[in-house]
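Here are my notes on the model you passed along. I went through it element by element, so keep the viewer open while you read.

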Amino acid sequence: MLKKILLALVITWGIITNGYVSAQTGTDSTGLSLVIANYNTAIGQQSHLYNGPEYEFYDPLIKGNAYVFDNKTFTPGSVKYGTGVYRDIPMLYDLNKDVVVVLLYNHFTKFSLLNERVHEFWLLNHHFIRLNADSMGKGALATGFYDQLYQGKSVGIIVKRAKSIQTTTGNNTIESFFSETKDYYVKKGNNYLGFSGKGGLLDIFKDKKKELRQYIKTNNLDFRENLEQAIVSAATYYDHITN
């Protein structure tokens, strides 16, 4: 629907503009066919992306931002949307609303992609996948996008990144800000097991706990300063030594 409205506006503008030109030159053509052709050329293969609701930025008085890795700039990424994969698309990932935002070819209009049509996307060197609770059975994770940090032959690591708007009061003022959370999970078979740090990860990998402790010590894996890097390294090693 939105794409049709945009096309109608472009056509209307084209008719007005070309009508003016025709009046000056004495020609009869409105250039309608040319306007439509130019529109389709500009949209190109990405036309199926632009069918979601228009996106609005947040109130600038809210401190912080809603976006993954605090990246507030539209950055080229790729997305599997419906049956197609679209590359080099200017994108943002809104963690508060859990939506992927794309920028129209005019570099002005912003759209939220329809979540149910987004299967996965790649942004800022991270791979995000959409999990659907309805298809995962009892005790499944909530439906949404998850950052796939690692996927091996026997285990995977994903993290749910989220932000929410919080408020504080003081000195007769109310202040709003974005607060971030991260929830980590190990995927073993069809099960997703949550953990929060080294101890929880070792409990999940308890069949190889001794070997993992030695690997962590030998390689100086720092779960405090470089949590995600340490998690991926430990999971990769577990995958390597597990039959």
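1. Start with S2 and S3 (residues 99-103): these strands pair antiparallel over four bridges. Asp 94 stands opposite Val 99 of S3. The two strands make a hairpin with four residues between them, and Asp 98, in that turn, has a positive phi of about 55°. Keep in mind that this is a predicted model.

2. S2 (residues 84-94) also pairs with S1 (residues 75-81), again in the antiparallel sense, and here six bridges join the strands. Pro 76 has Pro 90 in S2 as its bridge partner. This hairpin has two residues between its strands, with Gly 82 in the turn at a positive phi of about 65°.

3. Back to Asp 98, since that turn residue has a charged partner. Which residue forms a salt bridge with Asp 98? It is Lys 160, and the closest N and O atoms are 3.2 Å apart. Lys 160 sits in strand S8 and Asp 98 in the loop between S2 and S3, so the pair links distant parts of the chain, 62 residues apart. Both Lys 160 and Asp 98 are buried.

4. S8 supplies another long-range pair. Lys 163 and Asp 70 meet through their side chains in a salt bridge, 2.6 Å from N to O. Lys 163 belongs to strand S8, while Asp 70 is in the loop between helix H2 (32-43) and S1, so this salt bridge ties together parts that lie 93 residues apart in sequence. Is each partner buried or exposed? Lys 163 is buried, at a relative accessible area of 6%, whereas Asp 70 counts as partly exposed because its relative accessibility is 47%.

5. One more from S8: Arg 161 forms a salt bridge with Asp 147, with 2.9 Å between the closest N and O atoms. Arg 161 is in strand S8 and Asp 147 in strand S7, so the parts tied together here are 14 residues apart in sequence. Arg 161 and Asp 147 are both buried. Through salt bridges that share partners, Asp 147, Arg 161 and Glu 228 join into one network. The structure holds six salt bridges in total. As background, side chains of opposite charge can pair when their charged atoms come close.

6. Glu 228 takes us to helix H5, where it is one of the buried residues. The others are Ala 230, Ile 231, Ala 234, Ala 235, Tyr 238, Asp 239 and Ile 241. What do these buried residues pack against? They pack against strands S7 (144-151), S8 (155-170), S9 (173-188) and S10 (191-195), plus helices H3 (198-204) and H4 (209-218). I also checked the length of the helix: at 1.5 Å a residue, the 15 residues of H5 (residues 227-241) should span 21 Å, and the end C-alpha atoms are 21 Å apart, so the two agree.

7. Now the largest nonpolar core, which has 21 residues. The members touching the most other members are Ile 157, Val 186, Phe 195, Leu 201, Phe 205, Phe 223 and Ile 231. S7, S8, S9, H3, H4 and H5 each give two or more residues to this core, and H5 gives the most, with five. Setting aside residues up to four places away in sequence, Ile 231 touches Ile 157, Tyr 184, Phe 195, Leu 201 and Phe 223. Apart from this core lies another, of 20 residues, including Val 79, Ile 89, Phe 111 and Val 118.

8. Have a look at Ser 176 in strand S9 too. Its C-alpha atom is separated by 6.3 Å from that of Lys 63, although the two residues are 113 residues apart along the chain. Leaving out neighbours within four places in sequence, Ser 176 contacts Leu 61, Ile 62, Lys 63, Ile 165, Gln 166 and Thr 167.

9. Finally, some whole-chain numbers. The chain has five helices and 10 strands, and 39% of its 243 residues are buried. Of the contacts with a separation of 6 or more, 54% are between residues 24 or more positions apart. The chain exposes about 14400 Å², with carbon and sulfur atoms supplying 51% of that area.

How values were computed: Residues are numbered from 1 along each chain as its sequence is written. This is a predicted model: local features need pLDDT of at least 70, side-chain atom pairs count only at pLDDT 80 or more; totals for chains, interfaces and linings use all residues. Side-chain values use heavy atoms; hydrogens and water are left out. The expected span of a helix is 1.5 Å times one less than its number of residues. Buried means under 20% relative accessible area, exposed over 50%, partly exposed in between (1.4 Å probe, protein chains only). Contact means heavy atoms within 4.5 Å. Accessible areas come from the Shrake-Rupley method with a 1.4 Å probe; for residues, only the protein chains shown count as cover. A nonpolar core is a set of buried Ala, Val, Leu, Ile, Met, Phe, Trp, Tyr and Cys residues joined through side-chain atoms within 4.5 Å. Two strands pair if DSSP finds at least two bridges between them. A salt bridge is a side-chain nitrogen of Lys or Arg within 4 Å of a carboxyl oxygen of Asp or Glu.
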